Structures are given as structure tokens and as C-alpha cells.
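I opened this model to take some notes for a colleague who likes numbers. Here is what I looked up, entry by entry.

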Amino acid sequence: MATILSVHGLRKQYPKVNAVDGISFEVAEGVCFGLLGPNGAGKSTTVEMLEGILRPSAGEIRFRGQRIGARYRERIGIQFQTTALQDFLTVRENLRLFRALYARGADIDELIAVCRLGEFLDRDTRKLSGGQRQRLLLAIALVNDPELLFLDEPTTGLDPQARRNFWELVRSVKARGKTIVLTTHYMEEAYLLCDDIAIMDHGRIIARGSPQRLLAEHFDDSVLELPLAALQDRPVDLQVLRKGEMAEIMTADVNGVVRQLLAADVPLDRLRIRPRTLEDLFLQLTGSELRA
Amino acid sequence: MNLRRLLAVLNARSLEFVRDVSALGWNLLLPVFMVAGMGFIFSGPGRPMFTVGVVGGAPLEAGTHPFLGLEQIRFYREADTAVAVPKVERHRIDMLIDLSQQPARYWINTESAKGRLLARLLRAEDPGAQAQTVSGAQIRYVDWLAPGILGMNMMFSCLFGVGYVIVRYRKSGYLKRLNATPLRAIEFILAQLLSRLGLILLITVAVFAGCNLFLHFRMEGSYFDLFLVTVLGAMSMIAMGLIVSARFTSEELAGGLLNMLSWPMMVVSGVFFSIEGAPEAVQWLARLFPLTHLLDAARAIMLDGAQLSDLKTPILVLVGMTVAFLALGSALFRWRPE
């Protein structure tokens, strides 16, 4: 697969902190590349440098082999985490405004259909729901028919239904051959959408690969979840992790653990066995919750 | 420079302004109320202070001439009767005295009640003083005031409509979004300038024409000339707003700075009262503000029938200020918070 974006020795230094500390990676054409990390890990800074709106202190970013320059903006699309739009303009007028800022672009009617903006085309953008607004922002990011699309936490603040709808939309965009760089707080989102992820912490990339490969590399066990109450007064010789009201037992030998629990007469009515998730991996690698 | 991009942003900004009914209403109604209200209030007994120009007779105190000792009157120095007499004709000052020869001569406008009263006060102190009355068509205060009010409204609209709005755009992240497109800073800035210029001209012309229907302003010069200096004045004040808006993210800070500029401008640029005879420092300060030059030029055209060739200085100053402010505003401009 051809490389669309290559990053070498990228560094961003602020007076007291190395926000991004010399990272290198490549993004293959047509994939959805996920950049994950706790707050302050340097992922926003990295993405802004990749978007060409923040100047790196050192290192280089190449788009299709060329150092990014003035014409780069014509070829990429960006959906910021929070974007204000001009007040008093309708959805359609916003699309036209942004379309006019680019030399080439997508067909507006097609964009309206893809992002399902039809029902509220003539509505003032201030009166849109969260999901509608994100769809409009995605359409604006796609207005120049970009080869590379940046989505910066696009579903933060959306309700679960709107989030799922948005994922569908991202999949259909990807199916059109666009390369996507996604940052997100939601591990489930990264798992479902990304072909390739990089986990950042303290300005460096600490893990890199497809979600499946990363999970396989770091874990060979599963997680048994039980209510803490079920284990009360029933001593078992197992390492139990408390997580709120729940107890988590990590094990590569599920049968063995279940036998042990049965032997101790632990009620298994609410037992849940799940595979390891990116959330677990993230916790293990960074030692912090995503929102910490 | 890409015209298509510039026009797209210009169009978007203009739509935003026109659809913001409250702001539009404010811009239209405020000056009408002010012209009508101030015209009504001040068309009666006149301004509360007497202003008298003095030629010769230094220093300006009672020892020089007993009349100069009257505390209720503001005396100031005039160099030359030729320059000062028209001011009496135009009611810009209430009286002119020439103390450089004996007996003293004085000019008042026969149509000015204040002038006649001052003449009686003068003759009480100096019975020999010789009257040199001029008549000169009376200029109502409202004729003098209207350019001031319209200019002030333009000033507020230019400064806040550009300065405040761009800071709001920056704070909300809209500028960051635009910066991610191929739009260039100069295209964005020009679009803001032209949008505000077009709208403020429309509003000012509409308000002027509307007020003219019932107030019948005095117009000695050409409407074209008046329009031209209005354009120059508006551009210079918009460019001034661009400087304030170039970097800040805080609307409070920008608002404070804009107030710091607009209020002194309103006071010293001669919106309500002539700064004729004001202290040197005030006059010096007034020259720094574009509104002063705009009002001087507009009043010269409307009240004295000045031609563009008579107004080279204010025109050059306004053009110079526009270019300088615009250059500075563009150089300082940042899309994103620092």
C-alpha cells in the first residue's frame, strides 16, 4: 500500500515542555489511522502539526513524498473537535462558503446526500442538534474532496445513537477511498473504525499496530467480571482487581478459574467473560484512564 | 489574492450582519434618534458656554482688557480676523474681538442671541468698542451636529463591528477553521473591511437621507465629495478596528480597548461641540483620530461649500491613516490565540 503521510523526527517544544518528542511514523493510503493518548500526551499537538496549522520545532512531514506546503491545504480536510461557524448562516450557505474557499471540490448535492443534511439544509446552524452539527462539520471537512481527512474527536459529546450514526458515516467515507486520521477518547470507536493505531504518551508513541495485533501482542488472557458482593466471605486464591462495584479477574485459563469459583460456591449468575479491549491495553500502557 | 475566496467571506459576513436584526436596528435607529433628539434639545436656547475669539491683546486676562476678566466666557486666541470672521458667520464662535488696535473692534452675528448678549456685556466694560456685525446665514446647530452624529455612529460601527467581531471569531475557533482552508489572511481582512464599509455606507446614506426629509440639512458642497470623504473616513476607522482585533482572544479586553479609543474620539473629535479654542493638548490629540479629519472635511463640504481641492490635508491624512492602520493590522494579525 502506498504511503500518503510520512512523519520523521517530529518535535514540538514549548518553553517548559516537550509536547511532542521526536516521533516518526507512516500512514498508508486508504486506512483509518487512529491516534490515541491521555490528555496531555501530545496527540492534539501532533495532529495540528500534521494538519499544517502548527509549525513543528523540528522534523518533517511529507504528503505523498513532498514536504507539506501551501498547496497541502487544498488536499486535506479537517474536522476540528470544536468548530464555531458563522452565526446567522444556514447549513447550505456554510457549505457554499467553504466550497468557494477551495479551487476544486466535491459536488455539494452529493455531499448533502452522503452526510444526510437534506432535512435541515436551510436551518440556521445554531439550531442544529449535536449529531446534525457534527454531520455538517464532516461535510465541510469533505467539501474540497480531500485525499486525507482529519477527524479530531468527532463524536465527543454525542449521544450513543448519534455516535453510531456518525461511525456509519465515517465508514462510508472510508469506503470512498479516503485516508482518515482520527483522534478519539473512545476506545470502542478506535477499535471499530481504525485499521491502524498509535498510542501516545508523554510526547512519544508507545504502541503501534492494528487494534487486533496490539491486543494479541499485549494480552493472552481474558477478563472475568463479577459483582464484588458475589466474592464476599468466599475466599478464593485469585488476583482480583476492584473496579467500582465489580471485581475483575484476568486469566489465560478461564476454565480453571471458573472451576475454582464453583469450588468456593461463588454465585456465577452475573458472571461475564470478555476479551481484552483497547481500554485495558490503554490502561496498561499509560497507567491512566483516557480522561484522566 | 483570490477574488472568489474574498467574495465568499465578504458575502457570508454581510449576511450575518444583515440577519442580525438587533444589531442592524441599533445601527439604523440610534443615529436617527440622536440627530433628532440633539437637534431638538439644542435648537432652543443654544449651547451653555460662550466662546469668543481674540485677535491681539496678549495675555488673555483682565489686565489687558476688562472684558477678558469675565469668567463665564471662554476666550481663545485667533491669529487673523480674515480666518476668524467666517467662524462668526457660521456661528462656530459667538464673538470675535480685535484688541490689536484702539478702539477695540468686535464681530457678532446679528442672528445670534448669544452674540447680541455678549455685545452688551462688552459695551458695559468698554463703551467705545466698535461693532462690526456680520449676518451670514445662520447655521442651525442641527446642521453642524448631523455630520458629528453620523460620523460617531460610523466610528462605533467600524470599530466594534470589525474589532469585536473578529475577536469573537478568534475566540470561538471560527478563525482557526478558516485558517485550515486555503483562505489567506489578507483576503479575510479585506473581506471584513469591504463588508463593513458597504453596509455602513448604506446605513449612513439611508439615515442621512431619512433625516434630511424632515430636518433639511444645509448642503453647500457636492454630495459626491461628501460621499468620498465618508468612504475614506469609514475605511480609516475600520482599519483602526482591525489593529485592535489583530491578536486578542478576550472580548472583554478588546471591548475595553475599543472603548478606550472610541470614547476619547467621541469627546475630542468635535462630535457635539466644536473643539475650537480647546487647550493645545486636546487639539493635538484630536488630530490623531480619523474621526476629527472626517468631521472637519464633511462639515467644510456641507456648511462652507468646500471643494475637494480645499480638503487636501484631511483627505491625505485619512488615506495615510487607512494605509498605515491596514498595514499594521495585517502584520499583527493572528488566526489563532497566541
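**Entry: a sheet in chain A**

I began with an open sheet of 6 strands in chain A, ordered 6-7-8-3-9-10 and mixed in its pairing. I should say at once that this is a predicted model. Which strands stand at the edges of the sheet? I found strand 6 (76-79) and strand 10 (204-209) of chain A there; each has a single partner strand, so one side of each has no neighbour in the sheet. I also looked up the turn between neighbouring strands, which is 15 degrees on average, direction ignored.

**Entry: the pairs inside that sheet**

A reminder to myself: strands of a sheet pair through backbone hydrogen bonds, in either a parallel or an antiparallel way. Strand 7 (residues 148-152) and strand 8 (residues 179-183) of chain A are a parallel pair with 5 bridges. Within that pair, I noted Leu182(A) of strand 8 as the bridge partner of Leu151(A).

I then moved to strand 3 (residues 32-36) of chain A. Strand 3 pairs in the parallel sense with strand 8 of chain A over 4 bridges, and it pairs with strand 9 of chain A in the parallel sense, also over 4 bridges. On the strand 8 side, Leu35(A) has Thr183(A) as its bridge partner. On the strand 9 side, Phe33(A) stands opposite Asp196(A).

How many residues of strand 3 of chain A are buried? I got 5 of 5, so I wrote the strand down as mostly covered by the definition of 20 or more other C-beta atoms within 10 Å. In a regular strand, side chains alternate between the two faces of the sheet. Here Cys32(A), Gly34(A) and Leu36(A) point one way, while Phe33(A) and Leu35(A) point the other way, and all are buried.

Last item on this sheet: helix 8 (residues 211-218) of chain A lies across strand 9 (196-201) and strand 10 of chain A, at about 100 degrees to strand 10.

**Entry: two positive phi values in chain A**

Most residues other than glycine have a negative phi. I therefore noted two that do not, starting with Glu153(A), whose phi is near 45 degrees. Glu153(A) sits in the loop between strand 7 and helix 6 (160-175) of chain A. Glu153(A) has 19 other C-beta atoms within 10 Å, and is thus partly exposed.

The second is Asp265(A), with phi near 65 degrees. Asp265(A) is in the loop between helix 10 (254-263) and strand 14 (272-275) of chain A. Is Asp265(A) buried or exposed? I found 7 C-beta neighbours inside 10 Å, so Asp265(A) counts as exposed.

**Entry: where the chains touch**

I looked up the contacts between the chains: 20 residues of chain A meet 18 residues of chain B. On the chain A side, helix 2 (72-75) and helix 3 (91-100) each supply at least two residues. Helix 3 of chain A gives the most, with 4 residues. By type, the chain A side has 12 nonpolar, 3 polar and 5 charged residues.

**Entry: helix 3 of chain B**

Helix 3 (residues 81-89) of chain B has Ala84(B), Val85(B), Lys87(B) and Val88(B) as its buried residues. Viewed down the helix axis, they fall within an arc of 155 degrees, so they line one face of the helix. On the other side, Ala82(B) and Val83(B) are exposed. What do the buried residues pack against? I listed strand 1 (50-55), strand 3 (95-98) and strand 4 (105-107) of chain B. After the helix comes His91(B), with a positive phi near 65 degrees.

In the loop between strand 3 and strand 4 of chain B I found Pro103(B). A cis peptide bond joins Gln102(B) to Pro103(B), with omega about -10 degrees.

**Entry: helix 8 of chain B**

Helix 8 (residues 223-245) of chain B was a quick check on length. At 1.5 Å a residue, its 23 residues should span 33 Å, and the end C-alpha atoms are 33 Å apart, which agrees. Of those 23 residues, 17 are buried, so the helix is largely enclosed by the rest of the structure.

**Entry: whole-chain figures**

Chain A has 11 helices and 14 strands, and 35% of its 292 residues count as buried. Chain B has 12 helices and 5 strands, with 44% of its 338 residues buried.

Technical notes: Residues are numbered from 1 along each chain as its sequence is written. Chains are lettered from A and ligands numbered from 1 in the order in which they are written. This is a predicted model: local features need pLDDT of at least 70, side-chain atom pairs count only at pLDDT 80 or more; totals for chains, interfaces and linings use all residues. A residue is buried if 20 or more other C-beta atoms lie within 10 Å of its own, exposed if 12 or fewer, and partly exposed in between; C-beta atoms are placed from the backbone. The arc is that of the directions from the helix axis to the C-beta atoms. Two residues are in contact if their C-beta atoms, placed from the backbone, lie within 7 Å. Ala, Val, Leu, Ile, Met, Phe, Trp, Tyr, Cys and Pro count as nonpolar, Asp, Glu, Lys and Arg as charged, and the others, Gly among them, as polar. Two strands pair if DSSP finds at least two bridges between them. Axes are lines fitted to C-alpha atoms, for helices over the stretch in contact, and angles run from 0 to 180 degrees between N-to-C directions. The expected span of a helix is 1.5 Å times one less than its number of residues.
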